[in-house]
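Please find below a short note on the structure, set out as numbered points for a reader who is new to it.

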Amino acid sequence: MSRAARLALCCVVLAGCAVLGPRPSGPLVPAELPPLEDDLDLASLRAAIERTRPVYARAGDAATAAAADRLLAILDSTIDPKARRAAVARDFRVVRFRDRVLLTAYYEPDLAARFARDANFRHPLYARPPDLVDVEPRTLDETCTCRRLSGRVEGGRLEPYPSRADIEGGALAGRGLELAWAADPVALFVLHVQGSGRLRLDDGTLVGVRWAGSNGRPYRSVAQALVARGLLPDEHTTLPDVRHALEALSPAEQAAVLAANERYTFFRLAEGGAVGSLGVELTPGRSLATDPRLVPPGALAYLETPGAHRFAVSQDAGAAIVGAHVDLFLGAGAEAEERAGRTRERGDLYLLLPR
């Protein structure tokens with residue numbers, strides 16, 4: 001796309017920013033820290049910070065890089081939680097969410113898959129289509145609070161990309177975009193929601209599969225779609241509950257419920273661990289997905305909930321992570337899946353900002 005066309009496209013996008021809603025007003029307030037106990041090893045926090053340093057360097061954010069060094073120095077030299085609190089309060093500007101945050105968790109699922117379609121493995125994982133366009137409104141207007149938009153250009157305008165139902169119905173078939181094939185549509189949908197995972201081939205080999213973009217359509221919770229249809233009690237909406245409810249449906253009913261979430265994820269094959277929206281490898285137990293309109297990407301944080309008392313780094317984002325909602329990355333495998341499925345609690349998120 002030419003520069004002129006891209007600028008025109010950005011103008012169209014900016015004109016529609018109001019439709020997405022304004023930035024939430026006053027969600028962060030000055031705060032005093034609790035005693036800074038940490039329920040994980042310091043090495044994992046150090047790893048998360050080291051992985052984020054290239055982000056600070058690219059952004060020219062020397063202040064946050066120096067703040068990260070200072071935090072590690074405090075934790076290295078101060079064991080007592082109250083002494084830590086005094087040192088952090090002295091060297092950082094501390095704010096927290098006015099409302100208690102909702103903590104959920106995500107993980108890398110393993111998905112049985114094949115690289116060739118057969119009678120059982122017939123549900124495709126698609127690579128990113130070449131006509132999918134992402135637009136960052138803030139590149140044209142830094143005051144714009146819009147999230148990134150995705151679609152395709154038709155007649156000089158950004159038009160919505162096909163929905164989940166359209167794509168499942170064959171909108172992308174025959175374009176050579178199939179990366180692999182899955183037998184279980186529910187497990188594939190879970191991979192879409194989690195954003196990355198591992199393909200388990202018939203010989204036991206694990207192949208990493210990573211987020212490569214989305215169709216930009218609105219995200220809707222399938223749990224709420226099941227509740228609205230009377231297929232799931234409102235008080236039982238954990239991931240295991242949702243999976244069991246979906247697996248009990250006929251293929252046609254299952255497809256109709258999944259289509260309620262129009263958002264569709266595209267993938268790429270890659271080695272290494274899961275990578276967040278900052279482009280750095282995530283650290284289990286330390287990496288957070290947050291709303292980038294409220295939490296600066298790469299921000300240092302302290303999370304306090306009934307099940308987690310720890311320092312963390314904001315390294316990811318997600319369509320479902322809006323406002324006072326934090327998603328904690330737990331790693332890969334069955335144990336991470338089990339823990340993520342039952343993580344849903346309220347607590348506080350403190351941001352440790354450079355003075």
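**Notes on a pocket, a helix and two cores**

1. The second largest pocket has a volume of about 530 Å³. His123, Pro124, Glu168, Pro185 and Ala255 are the closest to its centre among the 23 residues that line it. Two or more lining residues come from each of β5 (123-126), α6 (164-168), β9 (178-182), α7 (185-194) and α10 (251-258). By class, the lining has 14 nonpolar, four polar and five charged residues.

2. This is a predicted model, in which local features need pLDDT of at least 70, side-chain atom pairs count only at pLDDT 80 or more, and totals for chains, interfaces and linings use all residues. Residues are numbered from 1 along each chain as its sequence is written, and side-chain values use heavy atoms, with hydrogens and water left out.

3. In α10, the buried residues (under 20% relative accessible area, 1.4 Å probe, protein chains only) are Gln254, Val257 and Leu258. They lie on the same side of α10 because they cover an arc of only 95° around the axis. Their cover includes α6, α7, α8 (222-228) and α9 (239-247).

4. The largest nonpolar core (buried Ala, Val, Leu, Ile, Met, Phe, Trp, Tyr and Cys residues joined through side-chain atoms within 4.5 Å) has 24 residues, of which Leu71, Val88, Phe92, Leu300, Phe311 and Leu352 touch the most other members. The largest share of this core, seven residues, is supplied by α4. A second, separate core of 23 residues includes Val190, Ala299, Leu328 and Leu349.

Conventions:
1 Å grid on protein atoms, 1.4 Å probe; cavity = no way out; pocket = protein on both sides within 12 Å on 5 of 7 lines; lining within 4 Å. Points joined across faces, edges and corners; volume = space filled by probe spheres on them. Helix = DSSP H or I, 4+ residues; strand = E, 2+ residues; numbered from the N terminus. Nonpolar A, V, L, I, M, F, W, Y, C, P; charged D, E, K, R; others polar. Buried < 20%, exposed > 50% of the residue type's maximum accessible area, 1.4 Å probe, protein only. Arc of directions from axis to C-beta. Contact = heavy atoms within 4.5 Å.
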